[in-house]
Amino acid sequence: MIALSRLGNINVRRVLLLLAGVVWLFFLPNALYLLTELLHAFRFYDVNPDSRFWLNIQFWLILFTSFSAAGIGLFLTSICIFIIHRMLQEVCSSWFAWAVVFMLLWLSSVGVYIGRFARWNSWDVALQPMMIVMDVLNWVVHTGARLHWLSFSWLVFGIAVIFYLLIYISLSEEKHA
């Protein structure tokens, strides 16, 4: 998208950026999804008051691997959003750029929910879009599903926003130093 933003023909640039942006948006949740991989550290261990699963070195190996994946996912999500944020700040108001950042992080959080609980992936947007729309409508209509969807998505969104702000402040301070 950075390369596309440098194209000379403004009409071609806008069309290609729009197409690339839509494709990018459907794949963006994949990086943030890695945050949910933390559950794999605990899925093999039953809750048993007589057992101390944390003494098992395999638990720590899985936890550290999952935590590393989650950190990489948060980092990649934030860097991608940061690049888009900078591109937007060059062509529109700061408020609009921030609004787009928050919208992208929210949509990505919803995408994580769709992937983790409905088990849809990015390719399904092209292969089975109506099935995804039906699932989302089902969550919106049914109170229990809506509460679960919104609670989880807001949680992921909150973590993504906090991490993005850390990256934004760090990279912005570096630029001003």
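1. Two rings of Phe, Tyr or Trp, the last taken by its six-membered ring, are counted as a pair if their centres lie within 6.5 Å. By this criterion, a search of the whole structure, which is a predicted model, finds 16 aromatic pairs.

2. One of these pairs joins Trp-98 and Tyr-164 in an edge-to-face arrangement, with 6.0 Å from centre to centre and 75 degrees between the planes. Trp-98 belongs to helix α4 (residues 94-117) and Tyr-164 to helix α7 (residues 143-176), so this pair ties together parts that are 66 residues apart in sequence. Both Trp-98 and Tyr-164 are buried.

3. A further edge-to-face pair is formed by Phe-117 and Phe-152, with 4.9 Å between the centres and 90 degrees between the planes. This pair also links distant parts of the chain, Phe-117 lying in helix α4 and Phe-152 in helix α7, 35 residues apart. As to burial, Phe-152 has a relative accessible area of 17% and counts as buried because the limit for that class is under 20%. Phe-117, at 39%, is partly exposed.

4. Aromatic residues also assemble into a cluster. Its members are Phe-82, Trp-98, Phe-102, Trp-106, Trp-154, Phe-157, Tyr-164 and Tyr-168. Trp-98 and Tyr-164, the pair described in point 2, thus both appear in this cluster.

5. The largest nonpolar core comprises 34 residues, and Ile-81, Leu-105 and Tyr-164 have the most contacts inside it. Two or more residues are contributed by each of α2 (29-33), α3 (57-91), α4, α6 (129-141) and α7. Helix α4 supplies the largest share, 11 residues.

6. What does Ile-81 touch, leaving aside its neighbours within four places in sequence? Its contacts are Trp-24, Leu-28, Val-101, Leu-104, Leu-105 and Tyr-164. Leu-105 and Tyr-164 are thus contacts of Ile-81, and these three residues are the ones named above for the most contacts inside the largest core.

7. Apart from the largest core lies another, of 5 residues, including Ala-41, Tyr-45, Ile-62 and Leu-63.

8. The surface carries a nonpolar patch as well. Leu-7, Val-12, Val-15, Leu-16 and Leu-19 form this patch, with about 380 Å² of accessible area together. Leu-7 is placed in the segment before α1 (10-27). With a relative accessible area of 31%, Leu-7 is partly exposed; it can join the patch because membership requires over 30%.

Methods
Residues are numbered from 1 along each chain as its sequence is written. This is a predicted model: local features need pLDDT of at least 70, side-chain atom pairs count only at pLDDT 80 or more; totals for chains, interfaces and linings use all residues. Side-chain values use heavy atoms; hydrogens and water are left out. Patches are made of residues with over 30% relative accessible area and no salt bridge: like charges are joined within 9 Å, nonpolar side chains (Val, Leu, Ile, Met, Phe, Trp, Tyr) within 5 Å. Accessible areas come from the Shrake-Rupley method with a 1.4 Å probe; for residues, only the protein chains shown count as cover. A salt bridge is a side-chain nitrogen of Lys or Arg within 4 Å of a carboxyl oxygen of Asp or Glu. Helices (H or I, at least four residues) and strands (E, at least two) are DSSP runs, numbered from the N terminus. Buried means under 20% relative accessible area, exposed over 50%, partly exposed in between (1.4 Å probe, protein chains only). Rings of Phe, Tyr and Trp (its six-membered ring) pair if their centres lie within 6.5 Å; planes under 30 degrees apart count as stacked, over 60 as edge-to-face and the rest as tilted. A nonpolar core is a set of buried Ala, Val, Leu, Ile, Met, Phe, Trp, Tyr and Cys residues joined through side-chain atoms within 4.5 Å. Contact means heavy atoms within 4.5 Å.
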